[in-house]
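Reader: I would like to work through this structure feature by feature. Where should the reading begin?

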Amino acid sequence: APGTMSGSGPEAPQPSDAAEVRLQEAEQDWAAAKAFYDNLVSKRPRPPKPQHAITVAVSSRALFDLVEERRIYEEQGVEKYVEYQQNNENVTLKPGPAFYFVKALEHVNARLLELYPDDEERFDIVLMTNNHAQVGVRLINSINHYGLTIERFCMTGGKSPIGYLTAYLTNLYLSADSEKVQEAIEAGIASATMFTANKDVAYSDTQLRVAFDGDAVLFSDESEQIVKEHGLDRFFEHEQLNENKPLAQGPLKGFLEDLGKLQKKFYAKNERLNCPIRTFLVTARSAASSGVRVLKTLRSWGLEIDEALFLAGAPKGPILVKIRPHIFFDDQMFHIEGAQKLGTVAAHVPYGVAQKYHKSA
């Protein structure tokens with residue numbers, strides 16, 4: 001083996017030279033393999049490299065309606081569950097809470113490819129599930145039935161997928177499993193638990209619409225802590241005293257940043273009025289008493305939000321009905337439930353002081 005020869009004269013490579021040779025050979029092999037795949041012709045867009053992509057990992061229960069299948073799993077065990085899935089491989093799964101959000105991401109990708117055919121900065125949808133590989137056929141059949149472009153699968157066979165999220169350089173993780181989402185948040189990955197709307201609504205086919213709560217979602221929970229501990233008047237006073245001090249970032253700030261980067265690509269092509277991405281801030285804050293700090297924080301980050309709605313404590317559900325977002329992120333379950341009742345697909349971000357109060361309640 002290279003590096004183990006002895007007494008073979010001055011021509012024998014030294015250990016460090018042998019390591020360099022192996023490295024060069026490995027790089028040549030990689031270059032040859034890459035050249036081979038680059039020369040393959042395909043009409044389907046290839047998944048972008050993870051370091052260039054905005055990776056959105058979606059669980060199978062977020063993408064599809066697997067309520068009945070989940071019941072079988074919980075009542076009869078994993079073997080009966082896998083058997084049921086195999087017996088129904090050709091039965092198309094119905095859309096789940098993240099389905100239309102994923103469709104909207106793919107529409108943005110299609111527009112980006114028209115304007116920037118060689119650019120890889122676009123969404124990459126990864127199916128990240130702890131399902132067993134035997135269930136994969138039904139998932140693939142359903143994905144193909146709907147014409148979704150999901151080429152990367154990670155099926156962990158009952159193990160937690162959280163470790164793979166980091167390996168995939170995940171920008172956003174959506175799951176129906178609140179424990180997995182909590183685990184991902186603690187690992188520093190932007191994540192949310194998906195909840196199905198209680199009413200069917202029509203979603204835009206031509207524009208991705210994403211609504212964010214502010215505190216403990218885009219921003220830290222600093223201000224919410226003051227509300228919980230000292231009351232509303234102290235909160236208003238604090239915000240006005242600190243209006244020029246940007247709020248610390250929250251778990252979804254990075255995803256808003258990703259959306260903003262893509263929006264600027266459309267603006268650069270004179271497509272601002274026809275941009276397929278629109279963002280909304282829907283916050284319980286009141287504008288006059290505590291809105292300035294929020295807007296100055298976004299400005300300090302170099303981020304634009306298309307629409308900002310300060311509700312001063314009013315319910316968010318009726319406003320969200322008008323917006324019709326593909327997804328609405330909030331850290332408080334009573335806002336999630338209110339949105340659900342009126343037909344909004346809501347995603348719970350388990351972050352900040354509100355979680356402690358929710359659990360104790």
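**Reading the sheet and the domains**

Author: Begin with one strand pair, bearing in mind that the model is predicted. Strand S6 (residues 208-212) and strand S9 (residues 327-330) run parallel and are joined by 3 bridges. Phe212, for instance, has Phe329 in S9 as its bridge partner.

Reader: In what order do the strands of the sheet lie?

Author: The sheet is open and has 10 strands, in the order S3-S2-S1-S4-S5-S10-S9-S6-S7-S8, with mixed pairing. At its edges are strand S3 (152-155) and strand S8 (307-310), each of which pairs on one side only. From one strand to the next, the twist averages 25°.

Reader: Which strands does helix H5 touch?

Author: Helix H5 (residues 99-115) packs on the sheet and touches strand S1 (54-58), strand S2 (123-129), strand S4 (170-175), S6, strand S7 (277-283) and S9. The direction of H5 makes about 150° with that of S2. Another helix to look at is H8 (residues 178-186), which lies across S4, strand S5 (191-195) and strand S10 (346-348). H8 runs at about 160° to S5.

Reader: How is the chain divided into domains?

Author: The domain assignment gives domain 1 as 50-194 and domain 2 as 208-355. Taken over C-alpha atoms, the centres of domain 1 and domain 2 are separated by 25 Å. In the contact between them, 27 residues of domain 1 meet 27 residues of domain 2.

Reader: How much area do domain 1 and domain 2 bury between them?

Author: The figure is about 2300 Å², with 72% of it on carbon and sulfur atoms. Of the area that domain 1 buries against domain 2, Phe101, Arg111 and Tyr116 supply 22%, more than any other three residues.

Reader: What polar features does the rule find across the interface of domain 1 and domain 2?

Author: There are 7 residue pairs in polar contact across the interface. The rule also finds 4 salt bridges across the interface of domain 1 and domain 2. On the side of domain 1 that touches domain 2, the elements giving two or more residues are S1, H5, S4, H8 and S5. H5 gives the largest share of that side, 9 residues.

Reader: What is the general idea behind a salt bridge, and how many does a search of the whole structure find?

Author: Side chains of opposite charge can pair when their charged atoms come close. Here, a search of the whole structure finds 22 salt bridges. One joins Arg285 to Asp215, at 2.8 Å from N to O. These two residues are 70 residues apart and link distant parts of the chain: Arg285 sits in the loop between S7 and helix H12 (287-301), Asp215 in the loop between S6 and helix H9 (222-230). Asp119 and Lys265 also form a salt bridge, their closest N and O atoms being 2.4 Å apart.

Definitions and conventions. Residues numbered from 1 in each chain as written. Predicted model: local features only at pLDDT ≥ 70, side-chain atom pairs only at ≥ 80, totals over all residues. Heavy atoms only, no water. Pairing = 2+ DSSP bridges. Helix = DSSP H or I, 4+ residues; strand = E, 2+ residues; numbered from the N terminus. Axes fitted to C-alpha atoms, helices over the stretch in contact; angles between N-to-C directions. Contact = heavy atoms within 4.5 Å. Domains from an automatic or database assignment. Buried area = accessible area lost by both parts, 1.4 Å probe. Salt bridge = Lys/Arg side-chain N within 4 Å of Asp/Glu carboxyl O. Polar contact = N/O pair within 3.5 Å; in protein donor to acceptor, adjacent residues only side chain to side chain.
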